[in-house]
Each structure stands twice: as structure tokens, then as C-alpha cells.
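Here is a short note for a colleague opening this structure for the first time. Please keep the sequence and the model side by side while reading.

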Amino acid sequence: MLKSVVRTVGAAVRVTHATASTARALPRSCPTLCSPSSATTRPFTRSLWLLNNNGASSGYRPKLITSKLLSPSVSCGCGGLHTEGDKAFSGFLSDEIKEEKKIQKNKSLPKMSGGWELQMNGTETKLTRSVAGEKISVTFNVNNSIPPNFEEEAEQGQQKSGEEEPEIVSSPNFVVEVTKQASKHSLVFDCHFPEDEMSHGEGEEESDIFAIREVSFQPEGDTEWKETSYTLNTDSLDWALYDHLMDFLADRGVDNTFADELIELSTAVEHQEYIKFLEDLDGFIKCN
């Protein structure tokens with residue numbers, strides 16, 4: 001049921017943690033993130049492509065091809081258009097792919113401790129384990145999971161050298177589903193990584209690096225989140241009840257250690273998918 005439950009990806013940024021959008025759009029619950037020490041990170045090397053959307057609101061669509069500027073070649077058997085711009089684009093992508101592979105820290109995905117089983121479906125990752133008759137599953141999607149801290153620094157005019165470039169860390173929203181054998185419903189937790197919980201410094205009391213945003217009972221096996229089921233939002237929740245909910249997750253292996261490892265895994269998956277996208281894009285441009 002969690003494939004559609006991870007519904008925060010692609011939605012508007014949460015009101016309580018709103019941030020400026022970037023060329024790679026953020027989910028509504030993914031604020032600027034300070035990287036945990038154990039998380040896999042990499043220097044920011046990606047170019048930001050600014051798209052011109054003039055006339056979009058009026059329905060005007062600019063021409064994609066102008067005969068004065070393009071001189072297509074017909075030598076390729078694929079029947080596609082090939083221009084000098086395509087050749088330059090492909091050269092740029094080849095260089096980007098080499099650079100990203102050079103800084104890729106995880107050639108294989110890191111392991112999760114605690115006996116979690118891993119299932120992959122494109123950009124979606126599912127972790128499952130069983131504890132005393134209960135099934136616990138955690139699902140997240142790496143799409144739009146990169147916080148926008150690099151854009152905020154650019155807007156403030158804080159130019160940094162190559163050695164000081166911000167590191168890319170994937171901090172996705174994730175959904176925890178707890179299912180009991182004798183119950184027809186699953187207890188579902190919608191979780192995220194808030195900035196204020198992530199940025200505690202050395203010497204400060206350790207706090208939870210993730211937070212529960214919503215809790216709901218959902219029919220077991222359903223693939224759609226039923227909006228008719230009561231959903232408890234934790235923004236105005238009594239702290240004693242909230243602490244018990246967090247302890248409930250910790251007793252089932254979803255704690256700070258798990259959250260750190262999830263960030264490391266998500267960062268590796270996101271980088272892997274990004275490189276694959278660049279390779280597919282290069283192949284599409286070349287008509288391979």
C-alpha cells in the first residue's frame with residue numbers, strides 16, 4: 001500500500017518548513033538539511049539548468065525548432081533530428097557522467113543494520129522486517145529529496161571555492177507501516193527530516209533527527225491512502241502522546257540510527273539514479 005502512500009514527493013513544500021524552490025524541485029516536507037556525520041555525501045557538481053517559461057500562463061508555446069538556426073543531419077538511421085547543439089550537449093553529458101562516477105562513493109548500495117530486507121522499484125525503496133508477529137515496512141522515494149541549501153547560498157551571494165562547495169545529501173520523506181497479524185488495519189506514520197532537529201551541534205543534547213508528521217490507520221493491503229480515514233497531524237499534538245509514538249517506532253527499529261542509515265542509503269540510491277538518468281539522456285541525444 002505504500003507505493004501511493006509516499007505521496008509527499010512532487011507536492012508543494014510544507015507550510016511549516018517552506019523553502020525556496022530549486023531547479024530540482026523539492027517535496028513539501030524536505031527542508032534544508034545538515035548532513036549527519038554517518039551519511040554518505042558528495043560535493044555538489046551538478047549544473048543548474050534554468051528553463052524559460054515565458055508565455056506559459058497564456059498558453060503560448062514557443063517553437064522548438066527554427067530552420068534558420070538548425071541544420072539537421074540525416075545521416076543517422078534513427079530518423080531523429082541531429083544538430084551541432086545536440087553534439088555539444090552530448091559532449092557535456094559525457095563529461096558530467098565521468099565526473100559523477102569519479103566522486104561516487106558507493107558503487108554498491110550500503111547495508112542497513114537491524115535485519116531489514118531491501119526491495120527496489122526504480123526510485124522507490126522499501127525496507128521490511130518482522131518482529132514478534134508484526135511486519136514493519138518503510139518506504140521512501142528519492143525523487144525531489146535534495147534540500148535547496150545550495151540555492152539559498154547563491155541567492156545570498158556567498159560564493160564558495162571548489163573545496164567548500166555544499167555536499168549533496170538525500171533526505172527523503174518516508175512512510176512507516178506497522179501491521180499486526182490479528183488486525184485488519186495498519187498503523188501508518190508519515191515521517192520527514194525537519195531542519196531544526198537535524199542541526200543540533202556538538203555538546204548539545206541529542207534529539208530525534210526525524211519527526212512524525214501524520215499518523216493514520218489504513219486498511220491493510222490497500223494501495224491508496226484513504227482520505228476518509230482519520231489522520232492525526234502532530235503539529236498541535238500533546239507532547240506526551242507524541243513521545244509515546246516515537247518510542248513505539250524506536251521499539252520496532254525506527255530510531256536515530258535507522259534514520260542515519262536511511263539517509264546514507266537514500267543518498268547512494270539518488271546518486272545512482274542520477275548517473276543512470278544522465279546516461280539515458282546521453283543515449284537519447286545520440287539516438288542510441
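Which residues do ring pairs link into a cluster?

1. The ring cluster. The cluster consists of Trp116, Phe174, Phe193, Phe210 and Phe258, linked by ring pairs. Bear in mind that this is a predicted model. The count of aromatic pairs comes to 6.

2. A stacked pair. Phe189 and Phe248 form an aromatic pair. Their ring centres are 5.9 Å apart, and the planes differ by 25°. The pair counts as stacked, because planes under 30 degrees apart do so. Phe189 belongs to strand β7 and Phe248 to helix α5, so this contact ties together parts that are 59 residues apart in sequence. Phe189 has a relative accessible area of 0% and is therefore buried.

3. Charges over rings. Two arginines deserve a look. Arg252 places its charged end over the ring of Phe248, at 3.7 Å from the centre. Arg129 lies over the face of Trp116, with 5.3 Å to the ring centre. Phe248 thus appears in both the stacked pair and a charge-over-ring arrangement. Trp116 is one of the residues in the cluster.

4. The sheet. Seven strands make up an open sheet; follow them in the order β2-β3-β4-β6-β7-β8-β9. The pairing is antiparallel. At the edges are β2 (117-121) and β9 (231-233), each paired on one side only. On average, neighbouring strands are turned by 20° against each other, direction ignored.

5. One strand pair in detail. Strands β4 (residues 134-141) and β6 (residues 174-180) run antiparallel and are joined by 7 bridges. Ile136 has Val178 in β6 as its bridge partner.

6. Helices on the sheet. Helix α5 (residues 239-250) packs on the sheet and touches β6, β7 (185-192), β8 (211-219) and β9. The direction of α5 makes about 75° with that of β8. Helix α6 (residues 256-286) lies across β2, β3 (124-131), β4 and β6. Against β4, helix α6 runs at about 45°.

7. The loop between the helices. Val254 lies in the loop between α5 and α6. Is Val254 buried or exposed? Its relative accessibility is 0%, so Val254 counts as buried. Beyond residues up to four places away in sequence, Val254 touches Trp116, Val138, Phe174, Val176, Phe210 and Leu249. Among these contacts, Trp116, Phe174 and Phe210 are also members of the ring cluster. Val254 and Gly114 are 140 residues apart in sequence, yet their C-alpha atoms are 9.6 Å apart in space.

Methods: Residues are numbered from 1 along each chain as its sequence is written. This is a predicted model: local features need pLDDT of at least 70, side-chain atom pairs count only at pLDDT 80 or more; totals for chains, interfaces and linings use all residues. Side-chain values use heavy atoms; hydrogens and water are left out. Two strands pair if DSSP finds at least two bridges between them. Helices (H or I, at least four residues) and strands (E, at least two) are DSSP runs, numbered from the N terminus. Axes are lines fitted to C-alpha atoms, for helices over the stretch in contact, and angles run from 0 to 180 degrees between N-to-C directions. Contact means heavy atoms within 4.5 Å. Rings of Phe, Tyr and Trp (its six-membered ring) pair if their centres lie within 6.5 Å; planes under 30 degrees apart count as stacked, over 60 as edge-to-face and the rest as tilted. Buried means under 20% relative accessible area, exposed over 50%, partly exposed in between (1.4 Å probe, protein chains only). A charge sits over a ring if NZ of Lys or CZ of Arg is within 6 Å of the ring centre and within 35 degrees of the ring normal.
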